Amino acid sequence: MAIISTSGLSRTFRTKQGEVHAVRGIDLTVRAGEILGFLGPNGAGKSTTLRMLSTLLPPTGGAATVCGHDLLRDPVAVRRKIGYVAQGGGVDPQETVRSELVTQGRLYGLPRPEATARAAALARDLDLTELLDRSTAALSGGQRRRLDLALGLTHRPALLFLDEPTTGLDPGSRAALWALVRRLRDDHGTTVVLTTHHLDEADALAERLVIIDGGAVAAEGSPAALKAEHGADTLQDAFLAITGRGPAPVDTTPVAVQ
Amino acid sequence: MLLHDTAVLFGRYARQTLRSPFQIFFGALTPLLYLFFFGPLLTGLPLGRAGDSWQVLVPGLLLQLGLFGASFAGFAVIMEKNWGVLERMRVTPVSRLALLLGRTLRDTVLFLFQAVLLVLAALLMGLRAPLPGILVGFGFVTLLTFSLASLSYVLALRLPSPQEFGPAINTLAMPAMLLSGLMLPMALAPGWLDVLSHFVPFRYLVDAVRDAYTGHYATATMLYGVLAAAGLTVLAVTVGTRTFRGAEA
Ligand SMILES: Nc1ncnc2c1ncn2[C@@H]1O[C@H](COP(=O)(O)OP(=O)(O)OP(=O)(O)O)[C@@H](O)[C@H]1O
Ligand SMILES: [Mg+2]
C-alpha cells in the first residue's frame, strides 16, 4: 500500500532574479513501512519536496496523497500522521529541553501529564535524559539534532520525514540514530523518508533510493540495483555517474598561500 | 481545539516573558519618563480641552505605550522564524489562529500590566479621574495593543527581508503618534494639521479616552473612538488570520 503518492509535484519560487524551478514534476510512490533514501546534490530540490509533502509549502503544480489524505484538501489530517525534522532544526534557545518536548506534546493535543511522560520517554530514546533541564541554547550541535529528532517523534507518526538527520552527529550518535530508525520501522511499522549526503548511510539504512537532480527524478531503485546498473563498486560511484558530477580532474597548480 | 491551542501557546509565551523582568518593565519606561519629566510642564497650561493637564496627558501616554510596545511585537516572530520554531509548530496540527492569538494575548496582558503601572504612577503625580473612566481607558488599551500586535506579526512575516522591520515600524509609528495628538491635543493644532490628524485612527481613541477621564461617556467622540477601535480589531483579526492560515507564513 502506498503511503505517499505524488504526480507531477512541482514548485517554482519567484525571486527578484526570476523564477527558480526547484522541483519539476516529481512522480513518487512510497510504500508503507519502507525506509526511503532521498538523495541528490545540493540544490536538487530535496528539502523543497519534503516541505511540500509535510504541508509547509504549497506546491505550484501537481498533486499528492500522503497517509491517505489529499495534501491540499486535507492538510490537517496529514499533519496528524506525519513527523518532520527540518534540515535546520526548530528549537527555541529561550526554552529548556524539557519545556520544548512538553510543549510539542501539547501541540499534538496530549494532556499535560501525558505530554510530560512522553517527554521523559523520548529523552530516554534519544539519550537526552541528563540534559532535560538544560537550556537548549547550551546544547552541542549533535545534542540539539537529537532534540530535533525527539520533537519529530512526539506523536509516534506513521510517516517520518528526516531532512539530513545525521548532519553534525558523531559516529556513536549516528549509529544510534540508524538503530532508532530501524527500530521505528520494525516495531511500529513507521515509514521513514530521509535525505542524506552520506552515501554509506544511504547504503546501510535505505531499502530503496530515489535520486533527484535539478528538481527531477534521475534514478531510483535499491542500493544494490543502482550499483549494478552503473557497474559501480560503491554507491558514491553510482551517484556520481547518475548525477554526472564525476570527480574533478586533479589540479596540479601549486596553491598560492600568500 | 482553538481554545486549547491558544492556552498552550499563551502559557509558553507568558513564561518566556516572566523569565525576563527587564522585558516586563521596559515598555513602561518611556511613558513613565514623559509622565515624570514632561507632565509637570503642562500643569496650568490651556490645553483646549476639559479637565486638568493630567487628564489630557495620561490618556495620550497610555496609547503611546500601546502604540510603541505592540507595534514592535513582530520582532519575536522574526526570531522564531529564523530558528525554525515557527515551521516546527506549523507542521503540527495546531490551530493556525492559535499561533497568532497565543502571542497577541500574551502581549495584551503585558501591555495592560504596564498601563496599570503607568496609571498608578500618574495618580501619585496628581492625576484625578473617575474609576469608570480609567477602566474605559484600559479597555481601549486592550483593543489597541491586541490589534497592533497582530498587525505587527503580519508585517513581520510578510516583509521580504526582516532587517526592514525596525525601520518600517518606526516610519509608521512616529507620525502616527505625532498626528494623533498623543502628547498635546489636536485642539491646539492649526487647521491643516487638525484635518490631517483625522485620517489617523489613533486620534479617535485618544480623544475618547480623554473624554472618559473627565467622566464624559455618552459623547460623539466616544462613539468615534469605539468605532475606530472596533474597526482596528476587525482589520487585525482578518488580516492576521489570513496571514497565519496562509501556508507560507
Ligand atoms: N524560498 C526559496 N526561494 C527561492 N529559491 C529557493 C527557496 N527555497 C529553495 N530555493 C531554491 O530551490 C532549489 C532547491 O532547494 P532545496 O533546498 O530543495 O535543495 P536541497 O536538495 O535540499 O539541497 P541541500 O542538499 O543543499 O540541502 C535551490 O536552487 C534553492 O536555491
Ligand atoms: Mg536540503
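In this predicted model, a polar side-chain atom of A:N42 sits 2.9 Å from an oxygen atom of ligand 1. The backbone joins in as well: a backbone N or O atom of A:G43 is found 2.8 Å from an oxygen atom of the ligand, and a polar backbone atom of A:G45 lies 2.9 Å from an oxygen atom of ligand 1. Taken alone, ligand 1 exposes 640 Å², of which the protein buries 65%.

Turning to the surroundings, two or more residues of the shell around ligand 1 are given by each of strand 1 (2-15), strand 2 (18-31) and helix 1 (46-53) of chain A. Helix 1 of chain A supplies the largest share, with 3 residues. There are 15 residues around ligand 1, and those that come nearest are A:G43, A:K46, A:S47, A:T48 and A:H197. Sorted by class, the shell holds 5 nonpolar, 8 polar and 2 charged residues.

A:S47 also takes part in the metal site. The magnesium ion (ligand 2) is coordinated by the OG atom of A:S47 and the OE1 atom of A:Q87, at 2.0 to 2.1 Å. These two residues link distant parts of the chain, being 40 residues apart: A:S47 belongs to helix 1 of chain A, whereas A:Q87 lies in the loop between strand 6 (82-85) and helix 3 (97-107) of chain A. A:Q87 counts as partly exposed because its relative accessibility is 41%, which falls between the limits of 20% for buried and 50% for exposed.

Key. Residues are numbered from 1 along each chain as its sequence is written. Chains are lettered from A and ligands numbered from 1 in the order in which they are written. This is a predicted model: local features need pLDDT of at least 70, side-chain atom pairs count only at pLDDT 80 or more; totals for chains, interfaces and linings use all residues. Side-chain values use heavy atoms; hydrogens and water are left out. A residue is near a molecule or strand if one of its heavy atoms lies within 4 Å of it. A polar contact is a pair of N or O atoms within 3.5 Å; within protein, one must be able to donate a hydrogen and the other to accept it, and residues adjacent in sequence count only if both atoms are side-chain atoms. Accessible areas come from the Shrake-Rupley method with a 1.4 Å probe; for residues, only the protein chains shown count as cover. Helices (H or I, at least four residues) and strands (E, at least two) are DSSP runs, numbered from the N terminus. Ala, Val, Leu, Ile, Met, Phe, Trp, Tyr, Cys and Pro count as nonpolar, Asp, Glu, Lys and Arg as charged, and the others, Gly among them, as polar. Donors are N, O and S atoms within 2.8 Å of the metal (3.2 Å for Na, K and Ca); water is not among the atoms, so sites may look incomplete. Buried means under 20% relative accessible area, exposed over 50%, partly exposed in between (1.4 Å probe, protein chains only).
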